[in-house]
Amino acid sequence: MSVLVYLENWDGKFKKVSFELLSYGKKIAEDMGVPMFALSLGKVDASELETLKTYGPEKIFVNDNGFDSLDNEMYASAISQAAEKEDATLVVFSQDNVGNALAGRVAVRLKAGLVSAVSAIPISYDPFIIKKKVYTNKVFGHVKVNTAKKILSLSKNTFEIIENAAAGVVEELALDHAEPKTKVESTDKVTGKLLLTDAELVVSAGRGMKGPENWGMIEELAETLGAATACSRPCSDEGWRPHTEHVGQTGKIIAPNLYIAIGISGAIQHIGGISNSKCIVAINKDPDAPIFEAADYGIVGDAFKVIPELNEALKNA
Amino acid sequence: MNILVCVSNVPDTTTKVKFSGTQLETEGVQWIVNPWDELAITRALELKESGAGVDKITIATVGLVGTETTIRKGLAMGADDAFRVDADPTDAFFTATQLAEVIKAGSYDLIMTGFESADYNGISVGGMLSEILGYPSVGAVSAVNIVDGKLQIDREIDGGKEVLSVQTPVVASVQKGIAIDPRIPAMRGIMMARRKPLTVMPAVEVEVYTEVVEIELPEAKSAVKMFDAEDIQGLVNALKNEANVI
């Protein structure tokens with residue numbers, strides 16, 4: 001028996017989330033008294049694989065033959081083969097675009113119960129019960145998994161990184177190859193920009209900013225903090241900001257350490273997208289705005305006056 | 001080209017959910033078409049109307065008779081026909097297995113699912129469905145186009161997008177961006193929807209992989225700490241020394 005953690009790579013590199021996943025997998029593997037293995041598909045530098053050892057995998061399986069771009073069927077087949085070969089009773093994915101696309105497919109292949117977007121280790125192992133937020137973060141459900149094999153996807157920025165060195169032997173994984181039925185024809189990607197879903201600090205603004213021409217001060221504040229920018233739904237619907245910045249129930253669901261909401265009233269759908277943030281700051285001129293119910297810190301005031309002052313104070317902090 | 005849109009019937013996103021045991025208290029709950037499914041129907045309609053070669057749009061749902069209001073809404077938006085698998089969905093694998101039966105009984109080139117449902121947020125039906133059927137799948141889909149009769153699918157990736165060509169049939173799990181504003185049914189559409197075919201199918205038996213055994217309310221949040229608009233430094237100090245986030 002074993003725990004298998006699937007690790008995505010980004011242009012051959014791992015990210016903080018990769019170490020979070022390993023720390024999480026290791027904790028569960030220890031609880032279950034079994035080894036943890038990692039799996040990486042696609043081309044990754046040897047030095048990057050080396051960094052994984054710190055977080056406890058006994059073995060790191062690799063295969064870069066044909067895994068240049070994501071074909072869900074082909075990747076799911078490879079992950080399932082690794083899981084079967086190593087008798088994995090639990091497979092862990094990251095809850096993001098790639099993990100979401102693969103976990104369901106692997107679950108069917110392995111006849112495994114899947115629980116998505118978990119944020120903590122199981123409540124119990126026998127029976128296997130784990131907590132997850134349902135109804136878009138409104139309540140927790142305790143989900144019991146009845147199958148012998150289980151699959152979990154872990155929400156980002158929810159599990160502490162724990163250093164726990166292990167052998168980390170890199171081993172080439174022999175695979176039966178599936179032929180991809182999808183093909184990436186072109187890629188359009190901004191590099192160097194801090195991604196909203198990766199950001200630990202987020203500065204977000206809403207209709208209170210009155211128009212897209214006033215976003216300069218939001219961007220300045222984000223730059224001072226080293227934060228990503230986000231917006232509420234009306235701003236993306238109106239075309240003030242790109243859709244990729246929309247946070248909320250129908251947009252992106254994020255969990256940064258700090259979320260600053262400026263001129264956002266805080267409709268229940270918006271709160272659903274940000275309630276996992278560790279600290280929420282609300283700045284709004286309406287003292288009755290519902291955002292203050294979700295916030296840890298608040299200021300009632302005019303954003304156009306408060307933001308430049310906050311920016312200056314943070315520069316000196 | 002035939003398109004099938006998988007539709008989930010969920011409580012309105014503004015609902016303050018209440019439970020008795022693990023059962024949602026449904027009194028006073030307004031049910032809606034899951035927001036992403038609604039956008040999928042909208043995009044399917046746009047493709048059909050553009051003359052890109054869409055012949056038929058079908059809706060499929062897994063739900064008891066009460067979900068027919070939601071299905072009729074999809075038909076009123078402009079879908080051509082619908083299937084309802086007569087069962088209360090238990091988990092994603094159950095739902096995916098039932099939908100696979102509907103799909104096997106028909107002929108579809110593109111199957112769209114919302115990337116998640118606004119109730120159990122399982123994010124898995126699309127992937128499971130494609131694997132059961134042995135079809136290719138694309139997740140995080142932000143655009144679907146038909147170019148020279150062929151499907152072209154945009155997938156969101158970190159910091160941008162990829163444009164994919166795909167073999168059909170294919171399952172696309174769609175998110176916001178595929179369409180922006182959902183289509184609002186017109187009175188004529190609502191009238192016509194009453195006469196459109198809605199086929200009810202019995203559910204097949206499925207092993208229970210996962211089940212919700214308890215609902216837990218989140219801890220009450222501690223009250224917000226307010227700072228005067230003149231005391232910006234107070235806020236900065238709290239973020240630095242109390243919350244330790246900067």
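This is a short talk on a predicted model with a chain A and a chain B.

Hello everyone, and thanks for coming. Please remember that what you see above is a predicted model. How confident is the predictor? For the complex, the predictor gives an ipTM of 0.95 and a pTM of 0.94. Chain B has an average pLDDT of 95, with 100% of its residues scoring at least 70.

Let's begin with chain B as a whole. Chain B has six helices and 15 strands. Its C-alpha atoms fill a box of roughly 65 × 45 × 40 Å along the principal axes. Of the 246 residues in chain B, 47% count as buried. Now take the contacts in chain B with a separation of 6 or more: residues 24 or more positions apart account for 70% of them.

Next, the sheet. As a reminder, strands of a sheet pair through backbone hydrogen bonds, either parallel or antiparallel. Here we have an open sheet of 10 strands with mixed pairing, in the order β11(A)-β11(B)-β10(B)-β9(B)-β12(B)-β8(B)-β1(B)-β6(B)-β7(B)-β13(B). Which strands stand at the edges? They are β11 of chain A, residues 182–189, and β13 of chain B, residues 198–202; each has a single partner strand, so one side of each is left without a neighbour in the sheet. On average, neighbouring strands of this sheet are turned by 30 degrees against each other, ignoring direction.

Let me walk you through a few of the pairings. At the chain A end, β11(A) pairs with β11 of chain B, residues 160–166, in the antiparallel sense over seven bridges. If you want to find that pairing on screen, look for A:V184, whose bridge partner in β11(B) is B:L164.

Now move along to β6(B). Six of the seven residues of this strand are buried, so β6(B) is largely enclosed by the rest of the structure. What does β6(B) pair with? One partner is β1 of chain B, residues 2–6, in the parallel sense over five bridges. There, B:C6 has B:A60 as its bridge partner in β6(B). Another partner is β7(B), again parallel and over five bridges, and here B:T61 stands opposite B:R84 in β7(B). Helix α2 of chain B, residues 68–77, lies across β6, β7 and β13 of that chain, running at about 165 degrees to β7(B).

On to where the two chains meet. How many residues does each chain bring to the contact? Chain B brings 65 residues and chain A brings 73. On the chain B side, several elements each supply at least two residues, including α4 (125–133), β9 (137–147), β10 (150–157) and α6 (232–242). By type, the chain B residues that touch chain A divide into 36 nonpolar, 17 polar and 12 charged. There is another strand pairing across the chains as well: β16 of chain A, residues 297–300, and β15(B) run parallel over three bridges. In that pairing, A:G298 has B:M226 as its bridge partner in β15(B).

Let's compare notes on two helices. In chain A, α4 covers residues 97–110; at 1.5 Å a residue its 14 residues should span 20 Å, and its end C-alpha atoms are 21 Å apart, which agrees. Because 13 of those 14 residues are buried, α4(A) is largely enclosed by the rest of the structure. Just after the helix comes A:K111, with a positive phi near 55 degrees. In chain B, the 13 residues of α3, 92–104, should span 18 Å at 1.5 Å a residue, and the end C-alpha atoms are 18 Å apart, in agreement. Helix α3(B) is mostly covered, with 11 of its 13 residues buried, among them B:F93, B:F94 and B:L99.

Finally, two loop residues. Are B:T15 and A:D45 buried or exposed? B:T15 sits in the loop between β2 (9–11) and β3 (19–20) of chain B. It is buried, because 20 other C-beta atoms lie within 10 Å. Leaving out residues up to four places away in sequence, B:T15 touches B:V29 and B:Q30. A:D45 lies in the loop between β2 (36–41) and α2 (46–52) of chain A. With 12 other C-beta atoms within 10 Å, A:D45 is exposed. The C-alpha atoms of A:D45 and A:E312, 267 residues apart along the chain, are separated by 41 Å.

That is my tour, and thanks for listening!

Note on methods: Residues numbered from 1 in each chain as written. Chains lettered and ligands numbered in written order. Predicted model: local features only at pLDDT ≥ 70, side-chain atom pairs only at ≥ 80, totals over all residues. Helix = DSSP H or I, 4+ residues; strand = E, 2+ residues; numbered from the N terminus. Contact = placed C-beta atoms within 7 Å. Expected span 1.5 Å × (residues − 1). Pairing = 2+ DSSP bridges. Axes fitted to C-alpha atoms, helices over the stretch in contact; angles between N-to-C directions. Nonpolar A, V, L, I, M, F, W, Y, C, P; charged D, E, K, R; others polar. pLDDT = per-residue confidence, 0-100.
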